[in-house]
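Thank you all for coming. I would like to take a few minutes to walk through one structure, and I would ask you to keep the view open while I talk.

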Amino acid sequence: MNTFAMIGSQEGSPFLKEFAAGLQREMESKGYQLDEEVPPKIQLVLNFVDEACPRHFRRSGQGTFVVTVAEGKPHTDILHTAYPVLIRSLGNLMIYLSIGNGEPETYFLTLEQGCYSVKESFGTEGYFREVFERLQPLATSQLVIDNHFFPDLPETLWDGDRITRDIYQSGKKLDEMNSLPAPFPIQELLPPRDYRHIQRLYGIGGLSYGNLSARREENQFWMSARGVNKGNLHQIGRDILLIKGFDDTTPAMEISVPPQIEPKRASVDAIEHWMIYTEHPEVGAIIHIHAWMDGVTSTEINYPCGTVQLAEAVADQIRKAEDPSRAVVGLKNHGLTITGRDLDDIFERIDGRILPQVPMS
């Protein structure tokens, strides 16, 4: 049976108490069981926090998704006000109740700086059903963020090749297009120990979001590393990695690096790129950006980054495309994954069409 936990305090807040009780009823009606002991391998934890002093839940395993729940006064910019609470509480996602004179307005906030509201009226059956439907992907997703490093990169590749030089130039192009937005300055909100913890758990980078890759041979590909400045990709093994395999038993990405270097970790989207390159030999390059284009086909469920489920949803849309080697797929409330025969092909097709704001729903 699927289990979930609720931690933190709801005392003194009638709205948080009503939210917790209603969501518990909805989840239990869908076959989920509340576990008050919070075992190490629990999948979903709802952490009720004080907006002014949010306490985090320290996970025992990487497979645990934490949803921060908080309430506060109405603000003109919910994202700017509530996003620091999400980060300080080390959550994967946040539910924020904006308390005014009437019924609270409910918002979801994502780590990609998405912000979207719950449409149903607070406290109704439809409201708790909508909240559950948005949480269910977290409760059923499988993260792939572990890495296995192999110091076996051939010496001829220690300084890269033509493909890595193309990736460097493409990263600069994306930076110039303002398609690699810098995330909220997380390191300024967290002490070093918690910042390292949040990086290890779900791959928050410190310089820019998004990633790009290009096939080297067969289904091996070069890809920008996690948490590096994609506008300045130079060093092999740190800025650019050679993804050479996928171990589905761990699960973990397999990465070939120079023997003398301490490598950076792979992007959480590496599993998505791996699936695409493996299934579609004609795909030569992939770009993922937190931006949008009009008229794109989108995934239907807001699966978290770095999960098998998100990778499979994107791969399914690419499979349905008229030409999988030149597909543009929207990731719901997240951004775009764009395939091409090479990186230049992608840039020629997206030139002048990129919209910086991802629509939220």
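I will go through the sheets, then a pair of helices and the cavity beside them, and finally two backbone details.

Before anything else, please bear in mind that what you are looking at is a predicted model.

Let me begin with the sheet that contains the beginning of the chain. Here 7 strands form an open sheet with mixed pairing, and their order is S2-S1-S3-S4-S5-S6-S7. At the edges stand strand S2, residues 33–34, and strand S7, residues 115–117, and each has a single partner strand, so one side of each is left without a neighbour in the sheet. If you look at the S2 edge, you will see that strand S1, residues 3–8, pairs with S2 in the parallel sense over 2 bridges, and that Thr3 has Gln33 in S2 as its bridge partner. Across this sheet lies helix H3, residues 125–140, which runs at about 160° to S5 and lies over strands S3, S4, S5, S6 and S7.

Now to the other sheet, which is also open and also mixed in its pairing, and which has 9 strands in the order S8-S12-S11-S10-S9-S13-S16-S15-S14. Its edge strands are S8, at 146–150, and S14, at 297–298, each of them pairing on one side only. Within this sheet, strand S11, residues 240–247, and strand S12, residues 252–256, run antiparallel and are joined by 5 bridges, and as an example you can find Ile243 with its bridge partner Ile255 in S12. Two helices are worth locating against these strands. Helix H9, residues 343–350, packs on the sheet and touches S9, S13, S15 and S16, with its direction making about 125° with that of S16, while helix H4, residues 162–176, lies across S9, S10, S11 and S13 and runs at about 165° to S9.

Let me turn to a contact between helices. Two packed helices are described by the angle between their axes and the distance between the axes. For helix H7, residues 270–279, and helix H8, residues 308–320, the axes come within 8 Å and cross at roughly 35°, and the crossing is right-handed. On the H7 side the residues in contact are Ile271, Glu272, Met275, Ile276 and Glu279, and they meet Val308, Leu310, Ala311, Glu312, Val314, Ile318 and Arg319 in H8. Which classes of residue make up this contact? There are 8 nonpolar and 4 charged residues, and no polar ones.

How many cavities of 30 Å³ or more does the structure hold? It holds 1, with a volume of about 30 Å³. Its lining consists of Val268, Asp269, Ile271, Glu272, Gly306, Thr307, Leu310 and Ala311, with H7 and H8 each supplying at least two of the lining residues. By class, the lining divides into 4 nonpolar, 2 polar and 2 charged residues.

I will finish with the backbone. Most residues other than glycine have a negative phi, and most peptide bonds are trans. Against that background, please look at Leu90, which is not a glycine and yet has a positive phi of about 55°; Leu90 lies in the loop between helix H2 and S5. The second detail is the cis peptide bond joining Thr250 and Pro251, where omega is about -10°, and Pro251 is found in the loop between S11 and S12.

Notes
Residues numbered from 1 in each chain as written. Predicted model: local features only at pLDDT ≥ 70, side-chain atom pairs only at ≥ 80, totals over all residues. Heavy atoms only, no water. Axes fitted to C-alpha atoms, helices over the stretch in contact; angles between N-to-C directions. Helix = DSSP H or I, 4+ residues; strand = E, 2+ residues; numbered from the N terminus. Left-handed = near helix turned anticlockwise from the far one by under 90°. Contact = heavy atoms within 4.5 Å. Nonpolar A, V, L, I, M, F, W, Y, C, P; charged D, E, K, R; others polar. 1 Å grid on protein atoms, 1.4 Å probe; cavity = no way out; pocket = protein on both sides within 12 Å on 5 of 7 lines; lining within 4 Å. Points joined across faces, edges and corners; volume = space filled by probe spheres on them. Pairing = 2+ DSSP bridges.
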